[in-house]
Every structure is written in C-alpha cells, then in structure tokens.
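Please work through the exercises below with the sequence and the model at hand. Each task is followed by a solution in steps.

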Amino acid sequence: MRIVERITALGHNAIEFISGFGRAGIMLWNAIVNVPRFRKGTPLLIKQLYVVGVQSFVIITISGLFIGMVLALQGYNILSDFGTSESLGPMVALSLLRELGPVVTALLFAGRAGSALTAEIGLMKSTEQLSSLEMMAVDPLRQVIAPRFWAGVISMPLLAMIFSAVGIYGGHIVGVEWKGIDAGSFWSILQSQVEWHQDILNSLIKSVVFAVVVTWIALYRGYQVIPNPEGISRATTKTVVQASLAVLALDFLLTALMFG
Amino acid sequence: MDNQTPNLVEVRNMSFNRGSRAIFKDLNLTIPKGKVTAIMGPSGIGKTTLLKLISGQLTPDSGQVLFDGHDIHKVSRKELFNLRQRMSMLFQSGALFTDINVADNVAFALREHSNLPESIINTIVAMKLEAVGLRGAGKLMPNELSGGMQRRAALARAIALEPELVMYDEPFAGQDPIAMGVLVKLIKELSESLNLTSVVVSHDVVEVLSIADYVYVVADKKVIAEGTPQQLKQSDNLQLQQFMGGEPDGPVPFHFPAPDYKKELMGENR
C-alpha cells in the first residue's frame, strides 16, 4: 500500500511539475507575444529598467570588484610558484568572462531583483491590483509582466559585462598595483588571450539565457502566488532557490556546449 | 422581478465548484438595467466569487452568464475586454495602484482606453474626485488615505469610464459609521445621477436594504429568497429571518458539524 501511495505521489508531483511548466510557458508567451505599444509601453519599460537594472548596479559593481581582487590574489600565489605571474591578466579575465561574470551576476540578480519582482507581483495579486487591471480591460500580462521581463533580459547581460569589467579592474589593482606585475604585460597578454567570439560573445549568450530563466521564474512565482503572507514568503524563497539551481545547471550545460 | 425592465446581466443555471466543493448549483438571477440589485448572504458562501463569475474573471463549470446578451465566458479575450469597458468593480480592498497617486489612479483607465488630451483627462478626473468628495486628495498617494477614503477613491476610478454596470464587493466592510453613511449615500446618488446598473454584494443588512431596489439572498449554493426589501422583511422564511435578524443559531447552525459532544468529553470518540 505504501509503495502504491509513493508511486501515486511521485506521479502527482511529476504532473504538477509539467503542468506548472506549461502554465509558466503560457504566461510568458502571452506576455511577450503581444505587439509592443511604444507610446504606453516605453515608460513602463524604462521604469522597470531603473528598478531591476540600475538599482542592482551597486551590489553588482562591489561584488565584481571584490571577486576580481580575490581571484587575482589567489591566482598570483599559484602562478608565481610556476614563474608565470604575467599570466594573471588572462586568468582573471577568462575566469570572469567565461564563468563568474554571468553566473555570479545571475545569482545576485536572483537574490536582489528576482525576489523583489516575485514579492511585488505577489502583493499586487493579494491586494487585488491585478484583478482590478483585468476589470479595467487592461491585460496584466502586458501591463505588469512584459515590461519586467524585458527589463530583466536587457539589464542582466549589461550587469554581467559591468561585473566582469570591474572584476578585471580589481585584478589589476591586486596584480599590478599591489603585487607589482608589469602593467604592460598584464594588459597585453590579457588582450591577446581573450577572444571576441569564444569568450565575450559566449559570456553574453550565457547571461542572456540566465536573464530569461531567472526573470521568468521570478515573474511566474509572483503571478501564481497564493495571495497571503505565507504564500508570498514561500514564493520569494522558491524564486531564489529555483533560479539559483537553474542557473548553475544551465551553466554546466552551456559550458559543455561552448567549451566541452 | 420587474419584467418591464430589460436585464443587463442574466445568470442562467450556473454551477461552480472549487475543487470538489460546490459553491453554486444551478444558480439563476437577473440584474435589471438602471437598478440597484443587492446580493446578500452569510460570509463564505461565494458572494465575491459570484461577482468574479459575472465579470468573467472565473469560469463556471456549467450554465451561462449573459451581459447585455453576450455570453461572457464564450466571447474571445478581446471581446471580453471590450465588454469590460462597459462594467467596473469596486473591490473590497479598494485595489488602488499603490505606486501612483490618487488622481493618476482615477485617470488610469482613461489614459488606457481613450485618446483624450491630458487637459480633458485632468478635468474628468477632477469631476470624478469631486463626486466622491476627494478633489483635494488627488496628489496624495493611496497609503496616505484612510480605508474609507481609499474606497471612495476606488469608486471614483470605477466610474471614470462611465460604465453601465458597477459591481460593489462588500463596500461597507470594516468601515466606521460615518464612512459607511458616506458610501451608502454615494452609491445611491451615483446610481441615480449616472443611471448606473449597480450590484451590491454585502452582508450589512440595514445599509443594503436602504439602497437596494431588489435583493437576492444566497445560501446553500443557491438563491434562498428574493424580492424587494419590503417583501424580504415580511417573509416567513426562517433561514432568511435568521440572517436578517442576526440570530446566532437557527436553520444556519452555530456549530460546525462535529461528533456527539458528551461522547467526545468522555473520550469515547478518541
């Protein structure tokens, strides 16, 4: 009997997962398939770019700086043992561009902006603001979901690039200013080793994929929230956990495809 | 019901379930044009759900809801949105948008659905706010208003597009006597001056009966009584009298169904 119950529960969970995925897909499709309304949609998008992107700028910049500095310090200690400390520049740059930039930005974005998006939409639902939009014949998917989705997709790749650039500068501070590596060799080796397609374009592709997934999860969790305090709390937690796991899993997949 | 008045809304044999729990079973009611129709009933019988079914936010399991002859659950989403421009709803919480001020809340639907110049929109907003006594509060944010004022601001927003049908979801719940009196007066006056069709969902018996032209009492998944306020007051339906008189026990029991009390105290049911 217990085995039957477990199999039933497993089947139930599988159906729930698939139907949830379907609902999320329909929500996203309905939100982005609408013809953009430039006159009314642009101010909404600009506002969300500010909330989602600009307000995440400080945490991304500071994190990027410190991660670049730590990377350079650890890298210098190892590379100097082999007498190749001049390779610090490309080591820091490639680590940031290929992995840490897109991944850490996505994780920070999920914690900073993703949870805020879920809580905001969840509260809009619990205070009947989404229903009142419906009643005013305004599609909440177009008015609320679409601008937030595009704001996430536009701002996260830019934030990831800023993260990597600031991180490289952090590496320069530690490597060149502190440890005394020659500035010319730091930058010239970095420049010769970093490739446009292999490193920068792939970094951008990764962060666009992460942006879509993180923003999608955050918006879906907010839109499907059970409209009470416990429901909103659970939804924000789910956003951070699911978005972080999705980013890490997708990172492995993308890395295997790009560099494997 | 007055057969001379054409009906704006007709609910025909509508059934609705939440999971395995039936909320309505073969419910029938009509909302005549230009009248104030009240839907009353105890808490938790699905009065708000009924408004959401009438406005197409929820879909019934069977039956029809006709708005001016259109089956609200059969029309396309575009047609539904066109019909919704002819109706509006005053939510229990007010549901004002918290990130814009009161005037922008009232102007919201006008900016979405009309190409009127901003100067005319501002004039209409001032007129709507004046009607609810909040012209001086246009620049305030919703969280700076009291609960009663938020509901009045939401009422101004609900009538901004001059709809044919306004649905009021528990408009008097949680209001002090002054705010309640103001809302009763506003609903009555606005319905008459704008020739609105109004549906008031509430369990505040005295206030509702003072403004309603016709009343439906819903309980046990169906309409248990209907008529003019005068007819309801004279009814000998025990369930209705318990509700109208606010009796704690009667056909609607005080106790939630439970096993025998004595046996439980003696530990026989454990």
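The exercises treat a predicted model, beginning with an interface and ending with a sheet.

**Exercise 1.** Determine how many residues of chain A and chain B are in contact and how much area is buried between them.

*Solution.* Step 1: contact involves 18 residues of chain A and 26 residues of chain B. Step 2: the area buried between the two chains is about 1,800 Å², and carbon and sulfur atoms give 52% of it. Step 3: within chain A, the most area is lost to chain B by A:Glu128, A:Met135 and A:Met136, which together account for 36% of what that side buries.

**Exercise 2.** Describe the polar and charged pairs across this interface, and the elements of chain A that take part.

*Solution.* Step 1: the count between chain A and chain B is four salt bridges. Step 2: one salt bridge joins the side chains of B:Arg77 and A:Glu134, at 3.2 Å from N to O. Step 3: 12 residue pairs are in polar contact across the interface, both residues at pLDDT 80 or more. Step 4: helix 2 (38-53), helix 5 (129-135) and helix 6 (140-178) of chain A each give two or more residues to the side that touches chain B; the largest share, six residues, comes from helix 5 of chain A. Step 5: by class, this side of chain A has six nonpolar, five polar and seven charged residues.

**Exercise 3.** State the strand order of the open sheet in chain B and explain which strands stand at the edges.

*Solution.* Step 1: six strands of chain B form the sheet in the order 6-7-8-3-9-10, with mixed pairing. Step 2: strand 6 (87-90) and strand 10 (222-227) of chain B each have a single partner strand, so one side of each is left without a neighbour in the sheet. Step 3: strand 6 pairs with strand 7 (residues 165-169) of chain B in the parallel sense over four bridges.

Note on methods
Residues are numbered from 1 along each chain as its sequence is written. Chains are lettered from A and ligands numbered from 1 in the order in which they are written. This is a predicted model: local features need pLDDT of at least 70, side-chain atom pairs count only at pLDDT 80 or more; totals for chains, interfaces and linings use all residues. Side-chain values use heavy atoms; hydrogens and water are left out. Contact means heavy atoms within 4.5 Å. Buried area is the accessible area (1.4 Å probe) that two parts lose on being put together, summed over both. A polar contact is a pair of N or O atoms within 3.5 Å; within protein, one must be able to donate a hydrogen and the other to accept it, and residues adjacent in sequence count only if both atoms are side-chain atoms. Ala, Val, Leu, Ile, Met, Phe, Trp, Tyr, Cys and Pro count as nonpolar, Asp, Glu, Lys and Arg as charged, and the others, Gly among them, as polar. Two strands pair if DSSP finds at least two bridges between them.
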